[in-house]
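Let's take a walk through a protein model together. Have a look at the picture first, and then we'll go through it piece by piece.

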Amino acid sequence: TSGERRVRYPHPVLAARAARVLRDNDTGSVVTAAPRLYPHMWSWDAAFISIGLARLDVRRAIAELETLFAAQWRNGMVPHIVFTDADAYFPGPDRWGTDVARDGPSNVRTSGICQPPVHAIAVQRVLEAARMSSPGDRADAERFARHIWPKLYAWHRWLVEYRTPGSSGLIAIVHGWESGMDNSPRWDLPYAAVKPGAELPPYVRKDLSAVGDPGERPTDREYDRYLWLIEEMRRASYDQRRIVRDSSFLAGDVFITALFAISCDVLIELGREFGQAPEPLGNLAEWAANARAAVAASCHSVSGMARDRDLRTSRWLDTQTIAGFAPLLCGGAPDGVQLRLLSLLDSERWCGHPGLLAPVPPSVSPLRPGFTPRQYWRGPQWPVVVWLFWWAFERRGWHERARRLRDAAILLTEDGSFGEYYEPFTGEPLGSADQSWTAAVVLDWLC
Ligand code: 2M8
């Protein structure tokens, strides 16, 4: 099989290669998400990248997060893209047109939406790496953690204030890009209701020329919808209340909600350590509890899988994607549900599928109709998502499970190409090569 033909680098060599990817993608001010396909800073990528950078250079890791938070909007939102001067990505800053936004930053150009809130996790991980490194690194990282805490808090508060509409308690997204899992089948139903108007300004995609096979990327039809939603937001001058009220896409994202719950926990830990006042800590505890309850309440009564919710139609979205395992990240679901999810994760529907090269969960169950092994968030395996489950399992004390996941993810990435995502049966790297966050999580695992 092609699996046997793959190169397998010894781990020290693999780590050195990962380090080189992060250095090569460093423009001096940001480590871009990927060399050709993504020549800017992405919000959740930057979090993972800082985790990898911390293994090489703690100050560089801190600088990356500082750059991201320097672009934080005045209302607290951390934007999903901070643009560099590169022109090779569409939609760029002119198409986003966030200059019309009242709350936007004045020093940099950004997109007008957000991404999953994993930044507190990154800050804590950078701190851990710094403490193992040197007294100087430790002092720098502690100063940084203290300094960034109020910004992280403002970001979490923004999610609660603007993005928990209705009664589900789930954190809502207004664009599939906010989920980070752009074209996942999770969003097929809500996207079906997005009808691009004739006024959609023409555009030319730039992503297709940066990957080998256009079939690894979303379709043109999907892009029309992505761009139409931007058009709607631009017309609303990026006024969050208007967008949440009127946009043609509004979905409760169960994966983000779970990540939010644990990020609040981490922020509480950091806050206690650095002497934050009781009131914000109390708020974070309440937000974490609400988020956990929302994740638990979304679980399907038979499968146990957590579900997103279309907040325009008030319908649960039943899809067999990796997001269904959200309760395993944050806990809070009844024991029976958790056990069902763990055995489902091990079953042939997921990690136990006999055809997988490496037993890590694909983005979509290989047994689900419509599973597409080469297409982006519709089937491939994503090491960065595996890192999240690995990290959460460690935190929950499931060390043996965590170790198995990490070993499998290393098996997947041992070819040293640091693909954006991987074909689950052959382990072929897909999308962009030298993707920074893949290199970053592998480095974190190997150090
Ligand atoms: C992908 O998303 C961007 C849009 O944000 C794109 O396809 O152009 C996603 O995988 C997202 O999760 C990721 O943050 C981004 C950069 O790696 O690429």
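By class, which residues does the shell around the ligand have? There are five nonpolar, two polar and three charged ones. Here Ala, Val, Leu, Ile, Met, Phe, Trp, Tyr, Cys and Pro count as nonpolar, Asp, Glu, Lys and Arg as charged, and the others, Gly among them, as polar. You can find the shell yourself: Ala33, Tyr38, Trp42, Trp44, Asp45, His80, Trp177, Gly180, Asp182 and Asp207 surround the ligand, each with its C-beta atom, placed from the backbone, within 6 Å of the ligand.

Keep in mind that this is a predicted model, where local features need pLDDT of at least 70 and side-chain atom pairs count only at 80 or more, while totals for chains, interfaces and linings use all residues. Residues are numbered from 1 along each chain as its sequence is written.

So how confident is the predictor? On pLDDT, its per-residue confidence from 0 to 100, the chain averages 97, and 99% of the residues score at least 70. Helix H1 (residues 2–5) has the lowest mean among the elements of the chain, 58, and helix H3 (residues 43–53) the highest, 99. Helices are DSSP runs of H or I with at least four residues, numbered from the N terminus. Where pLDDT is low, don't read the predicted coordinates in detail. For the complex, the ipTM is 0.99 and the pTM 0.98.

Now look at H3 beside helix H4 (residues 58–70): their axes come within 8 Å and cross at roughly 165°. Those axes are lines fitted to C-alpha atoms over the stretch in contact, with angles from 0 to 180 degrees between N-to-C directions. That makes H3 roughly antiparallel to H4, a word for angles over 145 degrees.

Conventions: pLDDT is the predictor's confidence in each residue, from 0 to 100. Helices (H or I, at least four residues) and strands (E, at least two) are DSSP runs, numbered from the N terminus. Angles under 35 degrees count as roughly parallel, over 145 as roughly antiparallel, 65 to 115 as roughly perpendicular and the rest as oblique.
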